[in-house]
Number of protein chains: 2
Amino acid sequence: MAAPLKVGLAGLGTVGASVVRLIAEQQQMLQQRCGRPIKIVAVTARSRGKKRGIDMSGMRWVEDPIKLATDPGIDAFVELVGGAGNPARAAVIAALKAGKSVVTANKALLAECGLDLAQLAERQKVALNFEAAVGGGIPIIKTLREGLAGNAVTRIYGILNGTCNYMLTRMERERLSFDECLKEAQRLGYAEADPSFDIEGHDTAQKLSILASLTFGIQVDPEAIYVEGITSITTADLEAADQLGYRIKLLGVAVKTDKGIEQRVHPTFVRKDAAIAQVMDVTNAVTIDAEGIPPITLVGPGAGGMATASAVVADVADVARGVRASPFGRPSGDLKVSKKAPMQRHEGGYYIRMLAVDKPGTAAAITKRLAQYKISMESIVQRHSSPAGGAERGKGPVPVILITYATTEDAVRKALAAVQRDKVISGRPQLIRIEKN
Amino acid sequence: MAAPLKVGLAGLGTVGASVVRLIAEQQQMLQQRCGRPIKIVAVTARSRGKKRGIDMSGMRWVEDPIKLATDPGIDAFVELVGGAGNPARAAVIAALKAGKSVVTANKALLAECGLDLAQLAERQKVALNFEAAVGGGIPIIKTLREGLAGNAVTRIYGILNGTCNYMLTRMERERLSFDECLKEAQRLGYAEADPSFDIEGHDTAQKLSILASLTFGIQVDPEAIYVEGITSITTADLEAADQLGYRIKLLGVAVKTDKGIEQRVHPTFVRKDAAIAQVMDVTNAVTIDAEGIPPITLVGPGAGGMATASAVVADVADVARGVRASPFGRPSGDLKVSKKAPMQRHEGGYYIRMLAVDKPGTAAAITKRLAQYKISMESIVQRHSSPAGGAERGKGPVPVILITYATTEDAVRKALAAVQRDKVISGRPQLIRIEKN
């Protein structure tokens, strides 16, 4: 029998403990699939004494993660410590330098220094696998790296953050306010005590930067991403979306344009009949558009101990089988610096919701400004809040909801600034991009 | 630069021509991804003279597919001839025997002799890749073979036939009869002149046999599959499904039971909010259930020249990169003979539609028979066709629609046979299985 792959595992939280369990339970199947056994021979975690309900017999405890990463007794290092800083970063670098293949779920680390790590892995001729870093249990990394090798992908977009999708789902279904919903999500453990990393879109942006690199052969660069979170979304927006045949999803989108690769994270109107619009609660999904073929969508659990662990184990199995692809699908020397397509030149349709001052000439003033910036409207709805309609004229601002045909971010921003200067609306207009699908 | 992978391609229909085009167009990207160029050096097809609109300069024409398969000038053989018989079969065997890696889209060939081919490929230490054989452009084979290596999959099910899904979608949306819909599908090229292979479920069964092998480590065996097509589905069934919160899809299902692996193809009630229920028209989808994690669903084009070609090219790219997995995910010597779970022992809910004779005691007779076989009902709807309801009693048979809780195929069959013997229904009852999701 072939020699076992000896694994050192750092981090024994929910995911790490599930990895230990899964490898023990699936020992036989893994051996068949890989042609050799997989053995976790050494582990480390913050607290040695903690009860984890897993069998760690036969595993050495190594106090220092970096010692573990370079341990002569291991062939591969699994990093589940998390965070872009140390010890995760130092341990991963040490493992690669020591010629160990690395499996990690650490999106922050990859977003921050993915290129450097990929270069190091290539130089050392070892694997750097990170299926679990994006989309949890969805095999999106392998699909982009190896499964769609011949496809000229033109766009990739996805629901990459379970917290945001959970909140948008509940807000839509139950007409809850953002704040009520956030409290619920926190109570149920779907949102962190400090939720800003999720709800401001930064988690999605880190994941998108990894997908964009794999898809378009560019260097990972979260700084190139325009990021907008979901904090401004109101039930009024969700109701309007519903009536217009859309749902609102926080999407990460990377698209090839003639100005470069446009990368953006923002709440998005998606047509209800699109596959991605059906994705509810904490579920994640990624849609891939390639030239000449209908879209491919992968849907599944974006988080959770077992789902993430199963992605980690699949990565370890690839190491055991001796499969080694370029971490980002192409040799890192071929990865180009992403030419950032400026957001001002983004082209697409827009949903705009404004509170119009209820006096004669308001609609004319708004439509005039839009025409000035060559924005065509697909629909306009002006709703008097009183059921009596016009009879109540003059009693307060009136919601106006617009859907535009494709235009540019620049034109919309300028038109709305002009409308504000005209003092025909009260407050700031709400602006949500429409993604064609 | 590394030596190119030299490819011989047999079959220049829609898919073959698209493969030639795709490899030419994506030459540079493929080279980056594989570390070496991919070159089609020789081709064959039924008719040499046919205009195909592709550039075949630099490609030798070899008249005999078997000569091409064993040509010393090629490293890999791509078989797009189709059919389980010769020349496809002989050419694939010849290529493997000559030590060439093989890429094929031929589901019929794999269903019929997949195990033999896998054994031969393993003995020769070459690849046998067939991503395009199931689910067209959806990377389901690679996902099952490599991407979910650590998952203990308990069930896999999918919409694997575009023709059937197209017909069910149109019947549902437009309340078309089966026959009208079939004519439309034939007119649009979505159904063959002889549609029986598709609509009777055999195409789905061939594909399911391949997925089941990869998923459960069993030998490919389409004979082990219970197969029922969609020809009995009426608009009355689709309307009832809609009202009860379901859609009807032709599914291929393979599930681990304590009696063995149950493999079946039949029209199925699926809950409207399941990902698979959203899959419309010719689109395909596969859902994978594994222990302890939410389902993973892959959705995409099940057919079409470019979609299928992209899967073929991804397979060729794996050959170029030197990736070689066991064709069915495990060494063929480890693949077990599938213990066929008898369909009579299938457990699940059922939709039953009957035409009850309109006389006193009918409902009592039906419910008595169901109770006799320990079948519990979730719902029962009896609809008098006249809007006046009871006033028209005695004027003809009355549709009765039942949804049962989980029971066995055996119990349902016996109960319905008894109901028929009781002469309280007219004609044969309609029976559609409900798939939990």
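A residue is counted as exposed if 12 or fewer other C-beta atoms lie within 10 Å of its own. The views below show parts of a predicted model.

**View 1. Lys125(B), an exposed lysine with a positive phi angle.** Lys125(B) is exposed because 9 other C-beta atoms lie within 10 Å of its own, and 12 or fewer is the limit for that class. Its backbone phi is near 55°, a positive value in a residue that is not glycine. Lys125(B) sits in the loop that runs between helix 5 (107-124) and strand 6 (128-129) of chain B.

**View 2. Lys374(A), another lysine for which phi is positive.** In the loop between helix 13 (362-372) and strand 14 (377-382) of chain A, Lys374(A) has a phi near 60°, again a positive value in a residue other than glycine. With 10 other C-beta atoms within 10 Å, Lys374(A) is exposed.

**View 3. The cis peptide bonds that precede Pro87(A) and Pro87(B).** In chain A, the bond from Asn86(A) to Pro87(A) is cis, with omega near 5°, and Pro87(A) is placed in the loop between strand 4 (76-79) and helix 4 (88-97) of that chain. In chain B, Asn86(B) and Pro87(B) are likewise joined by a cis peptide bond, with omega about 5°, and Pro87(B) lies in the loop between strand 4 (76-79) and helix 4 (88-97) of chain B.

**View 4. The contact between chain A and chain B, to which each chain gives 47 residues.** On the side of chain A that touches chain B, the elements that give two or more residues are helix 2 (27-34), helix 6 (140-147), strand 11 (283-290), strand 12 (293-301) and helix 12 (305-321) of chain A. Strand 12 of chain A gives the most to this side, with nine residues. Sorted by class, the side of chain A that touches chain B holds 24 nonpolar, 16 polar and seven charged residues. Of the interface residues of chain A, 100% are also interface residues in chain B, so the copies meet through the same surface.

**View 5. Strand 12 of chain A paired with strand 12 of chain B.** These two strands, of which the one in chain B covers residues 293-301, pair in the antiparallel sense over three bridges. One bridge sets Val299(A) against its partner Thr297(B), which belongs to strand 12 of chain B.

**View 6. The axis that relates chain A to chain B.** A turn of 180°, with a shift of 0.0 Å along the axis, lays chain A on chain B with an RMSD of 0.0 Å. The two copies are thus related as by a two-fold rotation axis. Of the residues of chain A, Leu298(A) comes closest to the rotation axis, its C-alpha being at 2.3 Å.

**View 7. Domain 2 and domain 3 of chain A, with C-alpha centres 26 Å apart.** Their contact takes 10 residues from domain 2 of chain A and nine residues from domain 3 of chain A. Helix 11 (235-244) and strand 10 (260-271) of chain A are the elements that give two or more residues to the side of domain 2 that touches domain 3. By class, that side of domain 2 has six nonpolar, three polar and one charged residues. Chain A as a whole is divided into domain 1 (5-137 + 307-327), domain 2 (140-301) and domain 3 (347-434).

**View 8. The open parallel sheet of chain A, with six strands in the order 3-2-1-4-5-6.** Strand 3 (60-61) and strand 6 (128-129) of chain A stand at the edges, each with a single partner strand, so one side of each has no neighbour in the sheet. Strand 1 (residues 5-10) and strand 4 of chain A run parallel and are joined by four bridges, and Ala10(A) stands opposite Glu79(A) in strand 4 of chain A.

**View 9. Strand 1 and strand 2 in the sheet of chain B.** Here too, six strands form an open sheet with parallel pairing, in the order 3-2-1-4-5-6. Strand 1 (residues 5-10) and strand 2 (residues 38-44) of chain B pair in the parallel sense over six bridges, with Leu9(B) opposite Val43(B) of strand 2.

**View 10. Val312(B) in the largest nonpolar core, which has 286 residues.** Val312(B) is among the members that touch the most others, together with Val78(A), Val312(A), Val316(A), Val78(B) and Val316(B). Leaving aside residues up to four places away in sequence, Val312(B) touches Val15(B), Val19(B), Val78(B), Val103(B), Ala105(B) and Ala132(B).

Terms used:
Residues are numbered from 1 along each chain as its sequence is written. Chains are lettered from A and ligands numbered from 1 in the order in which they are written. This is a predicted model: local features need pLDDT of at least 70, side-chain atom pairs count only at pLDDT 80 or more; totals for chains, interfaces and linings use all residues. Two residues are in contact if their C-beta atoms, placed from the backbone, lie within 7 Å. Ala, Val, Leu, Ile, Met, Phe, Trp, Tyr, Cys and Pro count as nonpolar, Asp, Glu, Lys and Arg as charged, and the others, Gly among them, as polar. Two strands pair if DSSP finds at least two bridges between them. Domain bounds come from an automatic or database domain assignment. A residue is buried if 20 or more other C-beta atoms lie within 10 Å of its own, exposed if 12 or fewer, and partly exposed in between; C-beta atoms are placed from the backbone. Copies are superposed by least squares on the C-alpha atoms of residues with pLDDT of at least 70 in both. A nonpolar core is a set of buried Ala, Val, Leu, Ile, Met, Phe, Trp, Tyr and Cys residues joined through C-beta atoms within 7 Å.
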